[in-house]
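Please follow this structure from one aromatic side chain outward, through its ring partners, to the packing of the helices and a few backbone features.

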Amino acid sequence: MRNIYILLTRSGTFLSRLIGLTTAENFTHVSLGLDEDRSRFYSFGRRNPNRPLPAGLIREELADGFFALHPDMPCALYRLSVDDATYAALRRRLDAMIVQAERYRYNLLGLIFCLLAIPHNRSNHYFCSQFVGALLKESGCLSLSRHTSLLRPCDFADLPGAELCYSGKIRGLCALAAAGAA
């Protein structure tokens, strides 16, 4: 068995505040981590931590980039155990996307449709929860009752088998990850 990690966050950016106002949920962003050290995650978001655009497939480091600029951002880290074959399929799919990262764009239109509860896919376009849901579904990690374009970050806290490992601020998670304790 292998562990994968799901990180939920809520920043103070305009888009995060707008999503939070619209959904009234605690978290507005989700990232996926495949490494046991829990310091690197993948998602769809801003490619430059200081500017909202361009946005697309990104690697997020706890101690660098956007997280380092917002150390007091609330977060929750969940662990999900998967079998080795599922982990390998997830890793292959993610690695294939990373190699072609420039092909992928942020799905702002899909985000609007999600908020309106209308399923909508665009080729090579994702928003954060759509991306994480699609990877988990395509790799066989789980079957979803909803279309991936309708998933919201808070939905990942309710996944069967998801175990809460940490709840607090990014700075605390970063310290725990550095100490190998998260």
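**From a buried ring to a buried helix**

Phe 44 counts as buried because its relative accessibility is 1%, where the limit for that class is under 20%. The model is a predicted one. Phe 44 lies in strand β3, which covers residues 40–48.

What does a search of the whole structure find in the way of aromatic pairs? There are five of them. In one, the ring centres of Phe 44 and Tyr 104 are 6.4 Å apart and the planes stand at 90°, so the arrangement is edge-to-face. Tyr 104 belongs to the loop between α3 and β6 (105–106), and the pair thus links distant parts of the chain, 60 residues apart. Both Phe 44 and Tyr 104 are buried. In another pair, the rings of Phe 44 and Tyr 126 have centres 5.2 Å apart and planes at 50°, so this pair is tilted. Tyr 126 lies in strand β7 (residues 125–126) while Phe 44 lies in β3, so the contact between the rings ties together parts 82 residues apart in sequence. Tyr 126 is itself buried, with a relative accessible area of 12%. Together with Phe 131, the residues Phe 44, Tyr 104 and Tyr 126 form one aromatic cluster.

Arg 105 offers a second view of this region. The residue is placed in strand β6 and counts as partly exposed at 38% relative accessibility. Leaving aside neighbours within four places in sequence, Arg 105 is in contact with Phe 44 and Tyr 126, and also with Arg 47, Ala 55, Gly 56, Asn 124 and His 125. Of these partners, Ala 55 is 50 residues from Arg 105 in sequence, yet the two C-alpha atoms are 6.3 Å apart in space. A contrasting case is Arg 17 in helix α1 (residues 14–23): Arg 17 and Leu 135 are 118 residues apart in sequence and 26 Å apart in space, C-alpha to C-alpha. Arg 17 is partly exposed, with a relative accessible area of 45%.

Asn 124, one of the partners of Arg 105, draws attention to the backbone. Asn 124 has a positive phi of about 60° although it is not a glycine, and lies in the loop between α4 (108–115) and β7. Its relative accessibility of 22% makes Asn 124 partly exposed. Arg 38, likewise not a glycine, has a positive phi of about 55°. Arg 38 is found in the loop between β2 (29–33) and β3, and at 6% relative accessibility this arginine counts as buried.

The discussion now turns to helix packing. Two packed helices are described by the angle between their axes and the distance between the axes. For helix α3 (residues 84–99) and helix α5 (residues 128–138), the axes come within 8 Å and cross at roughly 135°. That angle makes α3 oblique to α5, and the crossing is right-handed. From α3, the contact is made by Leu 90, Arg 93, Leu 94 and Met 97; from α5, by Phe 131, Leu 135, Leu 136 and Glu 138. How do these residues divide into nonpolar, polar and charged? Six are nonpolar, none is polar and two are charged. Phe 131 thus takes part in the contact with α3 and is also a member of the aromatic cluster.

Helix α5 is largely enclosed by the rest of the structure, because nine of its 11 residues are buried. The buried residues are Cys 128, Ser 129, Gln 130, Phe 131, Val 132, Gly 133, Ala 134, Leu 135 and Leu 136. Ser 129 illustrates this enclosure: the residue lies in α5 and is buried, with a relative accessible area of 1%. Not counting residues up to four places away in sequence, Ser 129 touches Val 30, Thr 148, Leu 151, Arg 152, Pro 153 and Phe 156. Just after α5, Gly 140 takes a positive phi of about 85°.

Conventions. Residues numbered from 1 in each chain as written. Predicted model: local features only at pLDDT ≥ 70, side-chain atom pairs only at ≥ 80, totals over all residues. Heavy atoms only, no water. Axes fitted to C-alpha atoms, helices over the stretch in contact; angles between N-to-C directions. Helix = DSSP H or I, 4+ residues; strand = E, 2+ residues; numbered from the N terminus. Parallel < 35°, antiparallel > 145°, perpendicular 65-115°, else oblique. Left-handed = near helix turned anticlockwise from the far one by under 90°. Contact = heavy atoms within 4.5 Å. Nonpolar A, V, L, I, M, F, W, Y, C, P; charged D, E, K, R; others polar. Phe/Tyr/Trp six-rings, centres within 6.5 Å; stacked < 30°, edge-to-face > 60°. Buried < 20%, exposed > 50% of the residue type's maximum accessible area, 1.4 Å probe, protein only.
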